[in-house]
Amino acid sequence: MTRHVLLIGGTTEGRALAAALDGRPGLRVTSSLAGRVAQPRLPAGEVRIGGFGGPEGLAAWLRAERADAVVDATHPFAAGISLNASLAAAATGVPLLVLRRPGFTAVPGDRWHHAASLAEAADLLPALLPHADGRVLLTTGRQGIAAFAHLDGPHVLARCVDPPEPPLPPSLEVLLDRGPFTLDDERALLRAHRVDVLVTKDSGGAATSPKLTAARELALPVVIVDRPPVPQGVPVTPDVEGALHWLGLSGWFPAAPARG
Ligand code: NAP
């Protein structure tokens with residue numbers, strides 16, 4: 001009997017798990033993407049794109065598609081879909097696992113300031129800038145830039161994959177780019193734009209951590225926006241191997257290496 005796994009993705013880990021599961025006999029895997037990015041990196045195998053229509057829509061999809069398990073491999077900050085997945089799993093009785101990479105860990109020399117939200121990160125900035133029109137680099141994602149729209153003093157540079165939409169800070173300069181970025185890339189970026197403060201979410205992962213190393217080398221303050229919690233009672237694994245184990249597939253085949 002074929003088992004059907006819904007893999008809610010949009011991350012490196014989601015693609016790595018899809019690649020590890022693709023083509024396994026007796027297994028059907030559907031990866032789901034939100035459709036936010038104009039040209040997404042597609043995972044291996046079957047892919048559906050677009051929202052489900054809330055927890056009820058997701059529950060209806062799980063029933064209609066006879067899903068046997070759900071792996072929520074969404075980004076640590078995609079709290080809406082994670083909540084929906086937990087509600088839909090509870091409503092249908094389909095087992096749910098969250099695959100979430102560990103967050104960043106501070107090391108000596110880091111000058112990190114934690115913020116509970118993007119709004120709190122914006123509030124912290126004025127005190128961290130050397131002068132009112134200091135220079136801020138936002139790597140909070142396109143949708144996170146709006147939280148900084150009211151800042152009319154600092155020069156704001158934002159790096160994101162697709163162009164952001166209003167509201168936006170008046171001095172905004174957008175750098176369209178997609179990681180992974182090397183340490184050399186990040187050093188060059190921080191120097192070329194004379195960045196005074198970096199703002200980032202605690203996304204974790206090797207693909208985005210070189211900016212933190214570069215900021216440490218330059219002794220720059222970093223505002224780290226803390227993650228929202230994983231929905232209560234849902235098991236969590238930090239890596240693809242853990243997800244394979246949960247699916248009962250550990251040891252069948254090597255997990256594709258997660259690149260961050
Ligand atoms: P979100 O706020 O948690 O979700 C909002 C709505 O978007 C959900 O209710 C759902 O719509 C739909 N959705 C989100 N992810 C989906 C998926 N993988 N498949 C189908 N529908 C999805 O999500 P978000 O923060 O905008 O993130 C969207 C996607 O981008 C996620 O897949 C996430 O992994 C990826 N991503 C997010 C970030 C980030 O910083 N937030 C960074 C990198 C990648 P319905 O209610 O209609 O089902």
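1. Which helix gives the most residues to the shell around the ligand? In this predicted model, that element is helix 3, which contributes four residues to the shell. A reader who wishes to follow the points below on the structure may start from this helix and the ligand beside it.

2. The shell around the ligand counts 24 residues, and among these Gly9, Ser32, Arg36, Phe52 and Lys201 are the ones that come nearest. Sorted by class, the same shell is made up of eight nonpolar, 13 polar and three charged residues.

3. Three contacts to oxygen atoms of the ligand deserve a look, and two of them involve side chains. A polar side-chain atom of Lys201 is placed 2.6 Å from an oxygen atom of the ligand, and a polar side-chain atom of Arg36 is placed 2.8 Å from an oxygen atom of the ligand. From the backbone, a polar atom of Ile81 lies 2.9 Å from an oxygen atom of the ligand. On its own the ligand has 800 Å² of accessible area, of which the protein covers 76%. Strand 2 and helix 3, the latter spanning residues 79–92, are the elements that give two or more residues to the shell.

4. Apart from the ligand shell, there is the matter of enclosed space: the structure holds one cavity of 30 Å³ or more, and the largest cavity contains about 40 Å³ of space. Its lining consists of Leu7, Gly9, Gly10, Thr11, Gly14, Arg15, Ser31, Leu33, Arg41 and Pro43. Two elements, helix 1 (12–21) and strand 2 (27–33), each give two or more residues to this lining. By class, the lining has three nonpolar, five polar and two charged residues. Gly9 belongs to this lining and is also one of the residues that come nearest to the ligand, while strand 2 gives two or more residues to the cavity lining and two or more to the ligand shell.

5. Strand 2 also has its place in an open sheet of six strands, whose order is 3-2-1-4-5-12 and whose pairing is parallel. At the edges of this sheet are strand 3 (46–49) and strand 12 (236–237), each of which pairs on one side only. Strand 12 runs parallel to strand 5, residues 96–99, and is joined to strand 5 by two bridges; in one of the pairings across these strands, Leu99 has Thr237 as its bridge partner.

6. The backbone has two cis peptide bonds to inspect, both of which lead into a proline. The bond from Pro166 to Pro167 is cis, with omega near 5 degrees, and Pro167 is found in the loop that runs between strand 8 (155–160) and strand 9 (173–176). The bond from Gly179 to Pro180 is likewise cis, with omega near 5 degrees, and Pro180 lies in the loop between strand 9 and helix 5 (183–192).

7. A last backbone point concerns Arg66, which has a positive phi of about 50 degrees although this residue is not a glycine. Arg66 is located in the loop between helix 2 (54–64) and strand 4 (69–72), and strand 4 takes its place between strands 1 and 5 in the order of the sheet.

Notes: Residues are numbered from 1 along each chain as its sequence is written. This is a predicted model: local features need pLDDT of at least 70, side-chain atom pairs count only at pLDDT 80 or more; totals for chains, interfaces and linings use all residues. Side-chain values use heavy atoms; hydrogens and water are left out. On a 1 Å grid over the protein atoms alone, a cavity is a set of points where a 1.4 Å probe fits but cannot get out, and a pocket is an open set with protein on both sides within 12 Å along at least five of seven lines; lining residues have an atom within 4 Å of a point. Grid points are joined across faces, edges and corners, and a volume is the space filled by probe spheres set on the points. Ala, Val, Leu, Ile, Met, Phe, Trp, Tyr, Cys and Pro count as nonpolar, Asp, Glu, Lys and Arg as charged, and the others, Gly among them, as polar. A residue is near a molecule or strand if one of its heavy atoms lies within 4 Å of it. A polar contact is a pair of N or O atoms within 3.5 Å; within protein, one must be able to donate a hydrogen and the other to accept it, and residues adjacent in sequence count only if both atoms are side-chain atoms. Accessible areas come from the Shrake-Rupley method with a 1.4 Å probe; for residues, only the protein chains shown count as cover. Two strands pair if DSSP finds at least two bridges between them.
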